[in-house]
Amino acid sequence: MQLVAVDYNAENADQLFVESLRKTGFGVLKNHPLQQSMVQEIYDAWQTFFDSEEKHQYLYNKHKQDGFFPTTVSEVAKGFKQKDIKEYFHFYPWGQCPEELRPLLASYYEKANTLARELLSWIETNSPKEVSEKYSQPLSEMIKDSDQTLLRVLHYPPLKGDEEPDAIRAAAHEDINLITILPAANEPGLQVKAQDGSWIDVPCDFGNLIVNIGDMLQEASGHYFPSTTHRVINPENVDMTKSRISLPLFLHPRPDVVLSERHTADSYLKERLKELGVI
């Protein structure tokens with residue numbers, strides 16, 4: 001299996017993209033509307049932030065989950081014991097953020113949400129009738145006016161060589177939300193798990209946009225779209241002193257949205273956050 005980038009401007013882009021999501025849980029887009037220069041500007045600005053002591057002034061609020069999460073409270077992936085080697089900042093338009101960094105992040109958040117609505121429409125249009133009938137409302141409507149959608153600025157610090165055995169930058173996991181959209185990071189390392197158990201490198205050409213299915217869309221589609229396991233591995237045979245920055249946008253429905261007979265978006269999210277030990 002190989003992931004191939006689909007040209008956003010191609011006539012059949014929606015079909016090729018959704019076919020990739022169906023087969024692998026992942027899709028890669030090139031020539032998409034999110035400007036590479038804007039992404040680079042965010043990477044540069046936030047590298048400075050993570051390198052500074054200022055970050056500790058924005059420590060996260062436990063109940064709201066906005067702000068800075070240091071490496072000491074980093075997530076432990078389900079089924080793992082070691083914390084991931086990462087620190088991150090949770091940005092919501094209503095949440096805390098250094099004022100000088102807010103305008104750029106808010107602008108990206110808005111543009112990425114607009115693209116996400118279009119991609120969710122692609123997914124719905126290309127869902128078989130028996131699958132789309134399961135959706136309690138149009139997929140793109142599920143995220144309308146949602147204040148739950150999270151932009152995470154992730155910083156994987158340089159590796160010093162004294163990390164815990166088996167600890168990696170992000171252990172194998174699935175995402176909780178509907179879909180995640182992620183500009184290619186400034187360093188490689190993202191891998192997706194194939195059906196045969198092997199790991200496949202996700203194309204990390206700068207300018208690509210990586211999209212993956214989350215657990216909520218898997219639930220809403222009756223498992224037609226797979227929420228695929230992925231991870232970020234530590235660099236090998238390259239400069240380990242380099243940081244890695246990435247910028248995933250986790251698209252969350254409004255809490256009241258019905259995903260299935262078993263779950264609303266709110267009940268599903270709370271169940272998963274408890275499993276992760278976040279709440």
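Ile179 makes contacts with a broad list of residues beyond its immediate sequence neighbours, including Ala116, Leu119, Leu120, Ile123, Val211, Ile213, Leu249, Phe250 and Leu251, where residues up to four places away in sequence are not counted. The model is predicted, and in it Ile179 is also one of the residues with the most contacts inside the largest nonpolar core.

**Nonpolar cores**
- The largest nonpolar core has 59 residues, and those with the most contacts inside it are Trp46, Phe89, Tyr108, Leu119, Ile123, Ile179 and Ile181.
- Helix α3, which spans residues 102-125, supplies the largest share of this core, namely ten residues.
- A second core, separate from the largest one, has 16 residues, among them Leu182, Ala194, Ile210 and Val232.

**Aromatic pairs and cluster**
- The structure holds 17 aromatic pairs, and one of them joins Phe49 and Phe50, whose ring centres are 5.6 Å apart with planes at 75 degrees, so the pair is edge-to-face.
- Phe49 counts as buried at 3% relative accessibility, and Phe50 likewise counts as buried at 2%.
- Phe49 also pairs with Phe68, with ring centres 6.5 Å apart and planes at 85 degrees, so this pair is edge-to-face.
- The pair of Phe49 in helix α2 (residues 36-50) and Phe68 in strand β3 (residues 67-69) links distant parts of the chain, 19 residues apart, and Phe68 is buried with a relative accessible area of 0%.
- Phe49, Phe50 and Phe68 belong to one aromatic cluster together with Trp46, Tyr58 and Phe89.

**Charges over rings**
- The charged end of Arg152 sits over the ring of Tyr88, 4.1 Å from its centre, while Arg231 lies over the face of Trp199 at 4.0 Å from the ring centre.

Note on methods:
Residues numbered from 1 in each chain as written. Predicted model: local features only at pLDDT ≥ 70, side-chain atom pairs only at ≥ 80, totals over all residues. Heavy atoms only, no water. Core = buried A, V, L, I, M, F, W, Y, C linked by side-chain atoms within 4.5 Å. Buried < 20%, exposed > 50% of the residue type's maximum accessible area, 1.4 Å probe, protein only. Helix = DSSP H or I, 4+ residues; strand = E, 2+ residues; numbered from the N terminus. Contact = heavy atoms within 4.5 Å. Phe/Tyr/Trp six-rings, centres within 6.5 Å; stacked < 30°, edge-to-face > 60°. Lys NZ or Arg CZ within 6 Å of the ring centre and 35° of its normal.
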